[in-house]
Amino acid sequence: MSPRPQNGFTLVEVLVALGIVAIALMAGMQATGALTRNALRQSEILLAQLCAENELVKARLSRQMPGVGDSTQPCEQAGRQLSVAVIVRPTPNPSFRRVDAQVFDGGQSILRLSTVVGQF
């Protein structure tokens, strides 16, 4: 009688397959984490952009030239407390001022937008 062929996998084959699955799962977890961090960062930048644009529009819509100097304004967006540093600097042409709005979350800068405001 000849020996019957064995069905199934050897222990080495099972361990290799488990190793391949583990590596694939780790790569998937890293990709998912990167996508999650990117989505949170985009949300943070969108909220910061709303705050900065509000301050720049306020400077453009006022009927007077903004005074040179720095100020900080609080800004709440989607339940988050952000602060906007408004920095007004003179330009070579005295009829214009450069206005920068830099948004902070705590001490960390998120976004900086700039515009030029002219005299009406």
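A salt bridge here is a side-chain nitrogen of Lys or Arg within 4 Å of a carboxyl oxygen of Asp or Glu. I keep in mind throughout that this is a predicted model.

**Entry 1, salt bridges.** I began with Arg98 and Asp100, whose side chains meet in a salt bridge with 3.0 Å from N to O, a distance that falls within the 4 Å limit. I then looked up how far each partner is covered: Arg98 counts as partly exposed because its relative accessibility is 39%, whereas Asp100, at 3%, counts as buried. Counting by this rule over the model, I arrive at seven salt bridges. As background I note that side chains of opposite charge can pair when their charged atoms come close.

**Entry 2, a pair within helix 1.** Next I turned to Glu44 and Arg41, which form a salt bridge between their side chains at 2.8 Å, N to O. Both residues belong to helix 1 and sit three residues apart, which is about one turn of the helix. Glu44 has a relative accessibility of 16% and so counts as buried, the cut-off for that class being under 20%. Arg41, with a relative accessible area of 34%, is partly exposed.

**Entry 3, a pair between strands.** I asked myself which residue forms a salt bridge with Arg80. The partner is Asp105, and the closest N and O atoms of the two are 2.4 Å apart. Arg80 lies in strand 2 while Asp105 lies in strand 3 (residues 96-105), so this pair ties together parts that are 25 residues apart in sequence. Arg80 is partly exposed, with a relative accessible area of 27%, and for Asp105 I also find a relative accessible area of 27%, which makes it partly exposed. Putting this pair beside the one from helix 1, I find that Arg41, Glu44, Arg80 and Asp105 are linked in a network of salt bridges.

**Entry 4, the largest pocket.** I then looked for empty space, and for the largest pocket I noted a volume of about 180 Å³. Helix 1, strand 1 (69-77) and strand 2 (80-90) are the elements that give two or more residues to its lining. Which element gives the largest share of that lining? Strand 1 does, with four residues. The lining includes Glu55, Lys58 and Ala59, together with Gly69, Asp70, Ser71 and Gln73, and also Val86 and Val88; Ser62, Pro66 and Gly67 are among the lining residues too. Sorted by class, I have four nonpolar, five polar and three charged residues around the largest pocket.

**Entry 5, a nonpolar surface patch.** On the surface I found a nonpolar patch formed by Phe9, Leu11, Val14, Leu15 and Leu18, which together have about 570 Å² of accessible area. I took Leu11 as one of its members to check: this residue is placed in helix 1, which covers residues 11-61, and it counts as exposed because its relative accessibility is 64%, against a cut-off of over 50%.

**Entry 6, the segment before helix 1.** Is Pro5 buried or exposed? Pro5, which is found in the segment before helix 1, has a relative accessible area of 72% and is therefore exposed. I finally compared the position of Pro5 with that of Gly69, 64 residues apart along the chain, and the separation between their C-alpha atoms comes to 87 Å. Gly69 is also one of the residues that line the largest pocket.

How values were computed: Residues numbered from 1 in each chain as written. Predicted model: local features only at pLDDT ≥ 70, side-chain atom pairs only at ≥ 80, totals over all residues. Heavy atoms only, no water. Patch = residues over 30% accessible without salt bridge, like charges linked within 9 Å, V, L, I, M, F, W, Y side chains within 5 Å. Areas by Shrake-Rupley, 256 points an atom, 1.4 Å probe, with all protein chains shown as cover. Buried < 20%, exposed > 50% of the residue type's maximum accessible area, 1.4 Å probe, protein only. 1 Å grid on protein atoms, 1.4 Å probe; cavity = no way out; pocket = protein on both sides within 12 Å on 5 of 7 lines; lining within 4 Å. Points joined across faces, edges and corners; volume = space filled by probe spheres on them. Nonpolar A, V, L, I, M, F, W, Y, C, P; charged D, E, K, R; others polar.
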